[in-house]
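The exercises that follow are meant to be worked with the coordinates open alongside the text. Each begins with a task, and a stepwise solution comes after it.

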Amino acid sequence: MKRFSATIAATLLPVAAFAHPGHVDHANPLIDGLTHPVSGGDHLLAMLALGLLAAQMGGRAIWALPVTFVGSMIAGGLLADGAPLAGVEPMILASVVILGVLVAMAMRLPMVALLPMAAVFGAAHGWAHGAEGPAQGAGLYAAGFAAATMALHLLGIVLGRAARGAMALRWLGGATSVAGLALVVAG
């Protein structure tokens, strides 16, 4: 169990060091959208953490949290329309830390609290994606980042389900939070 958690933590921490390299080249909006969530440590960690939380909660959270996040992310991306917004990056970093802490502490918040939180975090991530996205091919770009995000949520759910026992899952959440804090300090 500890070995599994340590392996995941060691895998995630180096990603935290390069939160946002120049990764949108606008040559292919779909590819840009697919790579955006996986090329920044902040997005990658938040998406995985939401999947871990969904796995930990179980029941309808398995589908409701990812669908809410992705739907709000698409809306945030459309609202951004290529314009940055102050406060988006701190919100994204907060999403990594908070989602990781919820998993690490095995907090069982009601869905009435989790769904709005997932929506706010999703909108912030979407705004960041939309602000960096292309003017031409915005629909393909949005489809790409939505598909990549859902895949990362599913990976988090699989990791959460594969964790041997509640403590391993909590370790994964803790590792995510620590990586998020590393991003905060590095930023």
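A residue is called buried when its relative accessible area is under 20%. The model used throughout is a predicted one.

**Exercise 1. Decide whether L114 is buried or exposed, and find which residues surround it.**

Step 1. Locate the residue: L114 lies in helix α6, which covers residues 111-131.

Step 2. Apply the cut-off: the relative accessibility of L114 is 1%, and because buried means under 20%, L114 counts as buried.

Step 3. List the contacts, setting aside neighbours within four places in sequence: L114 then touches L53, M57, L65, L102 and L109.

Step 4. Examine one of these partners, L53, whose C-alpha atom is 9.8 Å from that of L114, although 61 residues separate the two along the chain.

**Exercise 2. Carry out the corresponding analysis for T149 in α7, and then for A104 in α5.**

Step 1. T149 belongs to helix α7, residues 138-162, and its relative accessibility of 0% means that T149 counts as buried.

Step 2. Once neighbours within four places in sequence are left aside, the residues in contact with T149 are P37, M47, F69, V70, M73 and H129.

Step 3. A104 is in helix α5, which spans residues 88-104, and, with neighbours within four places again excluded, A104 is in contact with R170, G173 and G174.

Step 4. For a spatial check on A104, take M167, which is 63 residues away in sequence, while the C-alpha to C-alpha distance is 8.4 Å.

**Exercise 3. Describe how α3 and α8 pack, including the relative direction of the two helices.**

Step 1. Two packed helices are described by the angle between their axes and by the distance between those axes.

Step 2. For α3 (residues 41-57) and α8 (residues 166-186), the angle is about 155° and the axes are 10 Å apart.

Step 3. Since angles over 145 degrees count as roughly antiparallel, α3 and α8 are therefore roughly antiparallel to each other.

Step 4. The handedness completes the geometry, for α3 passes α8 in a left-handed crossing.

Step 5. On the α3 side the contact is formed by G41, D42, L45, A49, L52 and Q56, and these meet L169, R170, L172, G173, T176, A179, G180 and L183 of α8. Sorted by class, the contact of α3 with α8 comprises seven nonpolar, five polar and two charged residues.

**Exercise 4. Treat the packing of α2 with α7 in the same manner.**

Step 1. Helix α2 (residues 29-39) and α7 pack at an angle of about 35°, and their axes are 7 Å apart.

Step 2. The crossing of α2 and α7 is right-handed.

Step 3. From α2, the residues of the contact are P29, L30, D32, G33, L34, H36, P37 and V38, while α7 provides L140, Y141, A143, G144, F145, A147, A148, T149 and L152. By class, the contact of α2 with α7 divides into 12 nonpolar, four polar and one charged residue.

**Exercise 5. Place these local results within the whole chain: how many helices and strands are there, and what percentage of residues count as buried?**

Step 1. The chain has eight helices and zero strands, and read along the sequence its pattern is α-α-α-α-α-α-α-α.

Step 2. Of its 187 residues, 50% count as buried.

Step 3. Among contacts with a separation of 6 or more, 81% join residues 24 or more positions apart.

Step 4. The chain exposes about 8,300 Å², of which carbon and sulfur atoms supply 73%.

Methods
Residues are numbered from 1 along each chain as its sequence is written. This is a predicted model: local features need pLDDT of at least 70, side-chain atom pairs count only at pLDDT 80 or more; totals for chains, interfaces and linings use all residues. Side-chain values use heavy atoms; hydrogens and water are left out. Axes are lines fitted to C-alpha atoms, for helices over the stretch in contact, and angles run from 0 to 180 degrees between N-to-C directions. Helices (H or I, at least four residues) and strands (E, at least two) are DSSP runs, numbered from the N terminus. Angles under 35 degrees count as roughly parallel, over 145 as roughly antiparallel, 65 to 115 as roughly perpendicular and the rest as oblique. A crossing is left-handed if the near helix is turned anticlockwise from the far one by less than a right angle, and right-handed if clockwise. Contact means heavy atoms within 4.5 Å. Ala, Val, Leu, Ile, Met, Phe, Trp, Tyr, Cys and Pro count as nonpolar, Asp, Glu, Lys and Arg as charged, and the others, Gly among them, as polar. Buried means under 20% relative accessible area, exposed over 50%, partly exposed in between (1.4 Å probe, protein chains only). Accessible areas come from the Shrake-Rupley method with a 1.4 Å probe; for residues, only the protein chains shown count as cover.
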